[in-house]
Amino acid sequence: MSENTHRPLAVFDIDNTLADTGHRQHFLERRPRDWAGFFGAAPADPPLGRGVELAVESAADCEVVYLTGRPERCRADTVEWLARHGLPTGRVWMRGNQDRRPARTTKLEVLQRIARGREVRVLVDDDELVVQAARAAGFRVVLADWAAEAPELKEAQEAEGRT
């Protein structure tokens, strides 16, 4: 077993927690929403300093892993983005390409599954509904409130289960 199997986990969301999605919000403002454009522009996301700093700091005591609502088809771009911005190497849990359930449902399901075998020390996420659900389930959470408001993204997270 590796050293990491005994360390607690710090679980980080990506969009609007570590990555600033502001430059691609316009893809969600049109109808129908342009999901291919939205996710296709993700590699150009600037990092959010506070989130990156918190992830790097967390790596001192925890194994850092990522729990995102991005679909699986975005894996290569996501992993490359994390490495390019100096984030700790860690497992990335992603939404199935056809999974349209709300983020609060999908993320809580994964958190509970992870917690059966490991201590989850903290979840850091910008979605207030995800944070509320995780807190109600007994997880320690940090609301990532350092990104600009993204009302179209928040609506899409809940109503369309896309991120």
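Reader: Which residues touch the most other members in the largest nonpolar core?
Author: This is a predicted model. In it, Phe-12, Leu-18, Tyr-66, Leu-82 and Leu-87 touch the most other members of that core, which has 26 residues.

Reader: Which elements supply at least two residues of this core?
Author: Four helices and four strands are named in the list. The helices are helix 1 (26-29), helix 2 (35-40), helix 3 (49-58) and helix 4 (75-84). The strands are strand 1 (9-12), strand 2 (63-71), strand 3 (92-95) and strand 4 (120-125).

Reader: Take Leu-87. What does it touch, leaving out residues up to four places away in sequence?
Author: Leu-87 touches Leu-18, Tyr-66 and Leu-82. It also touches Val-52, Ala-55 and Trp-81.

Reader: What other core lies apart from it?
Author: One of 17 residues, including Val-65, Leu-67, Leu-123 and Ala-134.

Reader: Switching to rings. How many aromatic pairs?
Author: Three. One of them joins Trp-35 and Phe-38.

Reader: Geometry of Trp-35 and Phe-38: what are the distance and the angle?
Author: The centres are 5.7 Å apart and the planes make 85°, so the pair is edge-to-face, the cut-off being over 60 degrees.

Reader: Where do Trp-35 and Phe-38 lie?
Author: Both are in helix 2, three residues apart, or about one turn of the helix.

Reader: Are they buried or exposed?
Author: Trp-35 is buried because its relative accessible area is 6%, and the cut-off is under 20%. Phe-38 is buried too, at 0%.

Reader: And what about Trp-35 with Phe-39?
Author: Trp-35 and Phe-39 are stacked, 5.8 Å centre to centre with 25° between the planes. They sit four residues apart in helix 2, so about one helical turn separates them. Both are buried.

Reader: Which residues do the ring pairs link into a cluster?
Author: Trp-35, Phe-38 and Phe-39.

Reader: Which charged end sits over the ring of Phe-38?
Author: That of Arg-24, 4.3 Å from the ring centre.

Reader: Zooming out. How many helices and strands?
Author: Seven helices and five strands. From the N terminus the order is β-α-α-α-β-α-β-α-β-α-β-α.

Reader: How does the radius of gyration compare with a compact globule?
Author: It agrees, because the protein has 15 Å and a compact globule of 163 residues would be near 15 Å. The C-alpha atoms fill a box of roughly 50 × 30 × 25 Å along the principal axes.

Reader: What share of the residues count as buried?
Author: 50% of the 163. The exposed surface is about 7700 Å², with 51% from carbon and sulfur atoms.

Terms used:
Residues are numbered from 1 along each chain as its sequence is written. This is a predicted model: local features need pLDDT of at least 70, side-chain atom pairs count only at pLDDT 80 or more; totals for chains, interfaces and linings use all residues. Side-chain values use heavy atoms; hydrogens and water are left out. A nonpolar core is a set of buried Ala, Val, Leu, Ile, Met, Phe, Trp, Tyr and Cys residues joined through side-chain atoms within 4.5 Å. Buried means under 20% relative accessible area, exposed over 50%, partly exposed in between (1.4 Å probe, protein chains only). Contact means heavy atoms within 4.5 Å. Rings of Phe, Tyr and Trp (its six-membered ring) pair if their centres lie within 6.5 Å; planes under 30 degrees apart count as stacked, over 60 as edge-to-face and the rest as tilted. A charge sits over a ring if NZ of Lys or CZ of Arg is within 6 Å of the ring centre and within 35 degrees of the ring normal. The radius of gyration is taken over C-alpha atoms; the globule rule is 2.2 Å times the number of residues to the power 0.38. Accessible areas come from the Shrake-Rupley method with a 1.4 Å probe; for residues, only the protein chains shown count as cover.
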